[in-house]
Structure formats: structure tokens, C-alpha cells
Amino acid sequence: GKTVLTYGTFDLFHIGHLNILKRLSSLGDRLIVGVSTDEFNALKGKKPVVPFDQRIEIVRSIRYVDEAIPEDRWEQKREDIAKYGVDVFGIGEDWKGKFDDLGDSVEVVYLPRTSGISTTEMKRVLSAF
Ligand code: C2G
């Protein structure tokens, strides 16, 4: 079967996260999701509201997700591709072009984001209370 791989922080899990995981899962038979650890988020300049152990548990519970693994290094993508026999690497188009180098071993797809929702926007709205 076809294995699809993606990565993300998935903080304050929302419909944008669900939409992309649902779409990615439709590209193959198995979807593996790397969830960014709190330490890796620091490297990405992010400080999640929800701790890693809760974010990965939530992602693991999504019906479209077959396996959730920690993401703690930029360089682990190639290792994960080999380890899990990945056929397709997919991610939101905010990353368009950034992972084209993986194209020598997998199909790389960039999918449209869901507009009108983001963790940043949710935090802004909540801070108004
Ligand atoms: N996303 C989306 N629509 C939104 C918000 C997010 O489609 N409104 C997608 C992003 O494009 C990404 C996934 O949901 O594919 C997870 O988003 P983030 O948690 O912001 O992940 P990010 O920090 O971009 O992590 O090594 C890759 C990085 O870890 C990607």
C-alpha cells in the first residue's frame, strides 16, 4: 500500500489541521504524522499552548491518522521516509518549495491551507476576553 508522511505542531487542534490530515490520508493507504516536540518548536520559533504529549495523543486519535511519531529534528524526514517506506510527503502550501529536495525519493505534494483559521488567530480572539 501507499504510505503518506507529514509533520506539524498541531497546537490547539482545529479544522485546518483536520482538513489537511483528511486530504493527506486520501492520497494513500497509511498516513504517518510527525508531531513537533516542544524543543523542536523552539527551533521553529513557536511556543505551543498545548504540551507535546497532549498534541501527539490528540493527533494519534484522529481517524485519518495511522501513526503519530515525534518530530525533533529538521533532518529526520529522510530517515523517516526510509524507515516507514514512505511514497508521498505532503504538507500545507505555506511550505511550498521548501521540501522539493525530497523529490528524489518520494512524491512531494503541497496542499492548500484552510482559510480563516489558525492557531495564531485563535490565540488573538481568546486574548480579547
Ligand atoms: N494547516 C492548514 N490550514 C490551516 C492551518 C494549518 O492546512 N489553517 C496545515 C499546515 O499547512 C500544516 C499542518 O496544518 O501542513 C500543521 O500546521 P502547523 O501545526 O502550523 O505545522 P508547522 O509549524 O507548519 O510544521 O517540519 C515541518 C514542520 O514541522 C511543519
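Two strands pair if DSSP finds at least two bridges between them. The legends below apply this rule to close-up views of one predicted model, in which local features need pLDDT of at least 70, side-chain atom pairs count only at pLDDT 80 or more, and totals for chains, interfaces and linings use all residues. Residues are numbered from 1 along each chain as its sequence is written, and side-chain values use heavy atoms, with hydrogens and water left out.

**View 1. The annotated region, residues 5–124.**
The UniProt record, an unreviewed entry, lists residues 5–124 as "domain: Cytidyltransferase-like"; its positions follow the numbering used here, and such annotations may be inferred rather than shown by experiment. Over residues 5–124, helix makes up 34% of the chain and strand 22%. Helices (H or I, at least four residues) and strands (E, at least two) are DSSP runs, numbered from the N terminus. The C-alpha atoms at the two ends of residues 5–124 are 30 Å apart.

**View 2. Strand 1, residues 3–8.**
Of the 6 residues in strand 1, 6 are buried (under 20% relative accessible area, 1.4 Å probe, protein chains only). Strand 1 is therefore largely enclosed by the rest of the structure. Thr3, Leu5 and Tyr7 point one way from the strand, while Val4, Thr6 and Gly8 point the other way. In a regular strand the side chains alternate between the two faces of the sheet. Residues pointing either way from strand 1 are all buried.

**View 3. The two strands paired with strand 1.**
Strand 2 covers residues 30–36 and runs parallel to strand 1, to which 6 bridges join it. Ile32 in strand 2 stands opposite Leu5. Between these two strands the chain passes through helix 1 (residues 15–25), and this β-α-β crossover is right-handed: with the strands pointing away from the viewer, the path from the first strand over the helix to the second runs clockwise. Strand 4 (residues 88–92) also pairs with strand 1 in the parallel sense, over 2 bridges. In strand 4, the residue opposite Leu5 is Phe89. Leu5 can thus be looked for with Ile32 in strand 2 and with Phe89 in strand 4.

**View 4. Strand 2 and strand 3.**
Strand 2 has 7 residues, of which 6 are buried, so strand 2 is largely enclosed by the rest of the structure. Strand 3 (residues 67–71) runs parallel to strand 2, and 5 bridges join the two. One bridge links Ser36 to its partner Glu71 in strand 3.

**View 5. Glu67 in strand 3.**
Is Glu67 buried or partly exposed? Glu67, found in strand 3, has 31% relative accessibility and so counts as partly exposed, the class between buried and exposed (over 50%). Glu67 and Ile56 are 11 residues apart in sequence. From C-alpha to C-alpha, Glu67 and Ile56 are 9.8 Å apart in space.

**View 6. The loop between strand 1 and helix 1, with Phe10, Leu12 and His14.**
Phe10 lies in this loop and has a positive phi of about 55°, although Phe10 is not a glycine. At 7% relative accessibility, Phe10 counts as buried. Leu12 lies in the loop between strand 1 and helix 1 as well. The phi of Leu12 is near 50°, again a positive value in a residue other than glycine. His14 has its place in this loop too, and with a relative accessibility of 10% His14 counts as buried. How far apart in space are His14 and Gly90, C-alpha to C-alpha? The distance between them is 18 Å, and they are 76 residues apart in sequence.

**View 7. Ala82 in helix 4.**
Helix 4 spans residues 76–84 and includes Ala82. Ala82 has a relative accessible area of 63% and is therefore exposed. Ala82 and Ser105 are 23 residues apart in sequence. In space, the C-alpha atoms of Ala82 and Ser105 are 9.0 Å apart.
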